[in-house]
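Welcome, and thanks for taking a look at this one. Below is a short briefing to read alongside the structure, arranged by topic.

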Amino acid sequence: MKNFFRISFLIALFFGFQFNSNAAEKVEYLKTDWSFKGPFGKFDRAALQRGYQVYQEVCSSCHSMKYLSYRNLVEKGGPEFSVEQAKAIAASFEVKDGPNADGEMFMRPGRLSDKFVMPYENEKAAQAANGGAYPPDMTVLVKARGGGVDYIYSLLQGYEDPPAGVTLDDGVYYNKYMYGNKIKMSNQLSDGLVEYSDGTNASVEQMAKDVTTFLMWTAEPHLETRHKMGFKAIVYLIILTVLVYFSMKRIWSRIETKV
Amino acid sequence: MSEHEYTPKSKVGKWFNDRLPLLTLANHLTDYPTPKNLNYWWTFGGILTFCLITQIVTGLVLAMHYIAHADMAFSSVEHIMRDVNYGWLIRYIHANGASMFFLAVYIHIFRSLFYGSYKSPREIIWIIGIIIYLLMMAAAFLGYVLPWGQMSFWGATVITNLFSAIPLVGEGIVTWLWGGYSVDNPTLTRFFTLHYLIPFLILGLVVLHIWALHVPGNNNPIGIDIKKPSKDTVPFHPYIVIKDGFALLMFMIVFAFFVFYTPNILGHADNYIEANPLVTPAHIVPEWYLLPFYAILRSVPDKLLGVIAMLSAILILAALPWLDTSKIRSAVFRPLYKQFYWILVADVLILGYVGAMPAEGLYLLIARIATAYYFLHFLVVLPVLGFKERTTPVPLSITEPILGGSPNLATVKKKDSFKDQ
């Protein structure tokens, strides 16, 4: 048994080593305290609502959110807007529907069941409007980048003047956290860019944190349920393991062999 | 296979059992005499059965919601993650379950290597096991393609392209595998079909694996033949059932930790980007459990030879019962083999590590040395060791070393007189 644990520990160590080596990037990302990290992590409801506002007012003019529906904004574990608020948000968008009885496509106000309206008709249109670069869909963006939330949070604040010797083409910007340091998105955030309805000071740092929190939720909408269920499942398993352990001891004691 | 003939007590039971002896089988499984000194490394057989069933059950549910089409696969997975009730849970169990399955199978294989479980009379069990392992790798690879992310697409491209190394017909085979001129929709649909088929093949082979095990019975940590049933054995139920159950629960705690708290750590971030044939990821890496073989593949400069080396690295295991010439099974009584065993473990871990690194410079050099050593272990060290090694005395029975502490020299067989029955 002792040997078993010793070797299991070595295996665990090896895995830890592997993950570290995978995550080893040259730059150190900016750190902040995320409310959703850790086994009891939950989203900060107000941060999600502010983050939605930043996405809506800043990002959504180029970045789509194609796997999210307006109804998701109401659901538990998310920004938890009221149904009325979410309906109003949906209705502020024009959705293409149809064909109607005359065979015509028509525009109507959005409903809760609609997916988030895309900023461009298609990928080609998005590229054409952005100097050839396709602004990636944001729904699962934080899971699609090695550094996760820390990377996105840093990138939004990572714009600086290029160091001497680095020349940038037209429409290319320098960002110290971007892979290869060259990015086709210009700096989007500036202090006071949005006016938060809850009165929070809209500093660049605050907006970056809020919108990244929002993106974490869009990527993992069931994160809170997962954390809660995980805690229950593991506590249950531990109790059961202890019970089974003593049953095992009892059963094996009949033949006087140590287990 | 137990000594006494089993007869059901009830009349109906007897009537049924005479026509289909399921009750005899159930009786055999509960009474099955098992060495009583099995340690926790022996619990992984049961754990693997649990893994297989978990994968099949979660896979069935996923298949109800998944759409095997190049334009819809990625979004159908997102649909599962968002809108299907507990879809996120089922998918995370399935995705992490693959890793847990391989973790368990590697422990199971290395258990066998340490205690010489592959030796006579258990060669068939071992070879079936190797076939299961090969099918597992195929299933895992095919399954990784299904979410149709960037790593899915490019992983599929790299692996299927290996077949192009075959002289003359290689290119034709690759086109045939793809069902076109690149990895595309026909590739995805056939991969889905095969991914659904393979687990059931594995299930059938697992039945054979256990059947073949029940003929000679379990090996044990001291690797000697034992009388069955005797005071060296315990009935499978309740002794081994409860012990396997305890170990399985500990395994499930680790499993649950991955599923609920770090569900994506074993995957690659690029697989959350939808497949794009026009953009190649910076590093194409397979899942962690295939890395040692990936390292072997890349350590050979020639493509065809690399593929041959990679395949040989797996197939050489099937020849193991004949490459290992030692009559003593357990490494406990083989002081030299024990050391070489741990060197091999380290070698495979190193291969896994360099497999995840870019194939250049120092990493490539290490990969080459580790690859050479891997083959050296099986082709030179093992055959020679059997003749040269001075083994320590092997006890006559299981109870003897347990009761007496260290083996009593008066009652032990010497290496020369030790024969396999």
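Which residues in α5(B) meet B:F255, B:F258 and B:V259 in α10(B)? They are B:Y92, B:I93, B:N96 and B:M100. Before going further, please keep in mind that this is a predicted model. The model scores ipTM 0.91 and pTM 0.92.

**How α5 and α10 of chain B pack**

- Helix α5 of chain B covers residues 87-115, and its axis lies 9 Å from that of α10(B).
- The two helices pack at an angle of about 135 degrees, and α5(B) is therefore oblique to α10(B), since that class takes in angles that are neither over 145 degrees nor within 65 to 115.
- The crossing in which α5(B) passes α10(B) is right-handed.
- Sorted by type, the residues of this helix-helix contact are six nonpolar and one polar, with no charged residue.

**Where chains A and B touch**

- Chain A brings 35 residues to the contact, and chain B brings 33 residues.
- On the side of chain B that touches chain A, the elements giving two or more residues are α4 (73-82), α10 (236-261) and α14 (335-355).
- Of these, α10(B) gives the most, with 14 residues.
- That side of chain B consists of 24 nonpolar, four polar and five charged residues.
- Helix α10(B) thus turns up twice in this briefing: it packs with α5(B), and it also gives residues to the side of chain B that touches chain A.

**Cis peptide bonds in chain B**

- What is the omega of the cis bond between B:H237 and B:P238? It is about 5 degrees.
- B:P238 belongs to α10 of chain B, the helix discussed above.
- Another cis peptide bond runs from B:K228 to B:P229, where omega is near -15 degrees.
- B:P229 sits in the loop between α9 and β2 (233-235) of chain B.

**Positive phi outside glycine**

- B:W148 is not a glycine, yet its phi is positive, about 55 degrees.
- You will find B:W148 in the loop between α6 (123-145) and α7 (150-161) of chain B.
- Is B:W148 buried or exposed? It counts as buried because 26 other C-beta atoms lie within 10 Å, and 20 or more are needed for that label.
- In chain A, the residue A:E80 also has a positive phi without being glycine, with a value near 50 degrees.
- A:E80 is placed in the loop between α2 (45-57) and α3 (83-91) of chain A.
- With 15 other C-beta atoms within 10 Å, A:E80 is partly exposed.

**A look at B:L208**

- B:L208 is part of helix α9 of chain B, which spans residues 185-214.
- B:L208 counts as partly exposed because it has 14 C-beta neighbours inside 10 Å.
- B:L208 and B:I296 are 88 residues apart along the chain, and 31 Å separates their C-alpha atoms.

**Confidence in chain B**

- The average pLDDT of chain B is 93, and 94% of its residues score at least 70.
- Residues 407-421 of chain B have a pLDDT below 50.
- In the model, this stretch has 25 contacts beyond near neighbours in sequence.
- Where pLDDT is low, predicted coordinates should not be read in detail.

Definitions and conventions: Residues are numbered from 1 along each chain as its sequence is written. Chains are lettered from A and ligands numbered from 1 in the order in which they are written. This is a predicted model: local features need pLDDT of at least 70, side-chain atom pairs count only at pLDDT 80 or more; totals for chains, interfaces and linings use all residues. Two residues are in contact if their C-beta atoms, placed from the backbone, lie within 7 Å. Helices (H or I, at least four residues) and strands (E, at least two) are DSSP runs, numbered from the N terminus. Ala, Val, Leu, Ile, Met, Phe, Trp, Tyr, Cys and Pro count as nonpolar, Asp, Glu, Lys and Arg as charged, and the others, Gly among them, as polar. Axes are lines fitted to C-alpha atoms, for helices over the stretch in contact, and angles run from 0 to 180 degrees between N-to-C directions. Angles under 35 degrees count as roughly parallel, over 145 as roughly antiparallel, 65 to 115 as roughly perpendicular and the rest as oblique. A crossing is left-handed if the near helix is turned anticlockwise from the far one by less than a right angle, and right-handed if clockwise. pLDDT is the predictor's confidence in each residue, from 0 to 100. A residue is buried if 20 or more other C-beta atoms lie within 10 Å of its own, exposed if 12 or fewer, and partly exposed in between; C-beta atoms are placed from the backbone.
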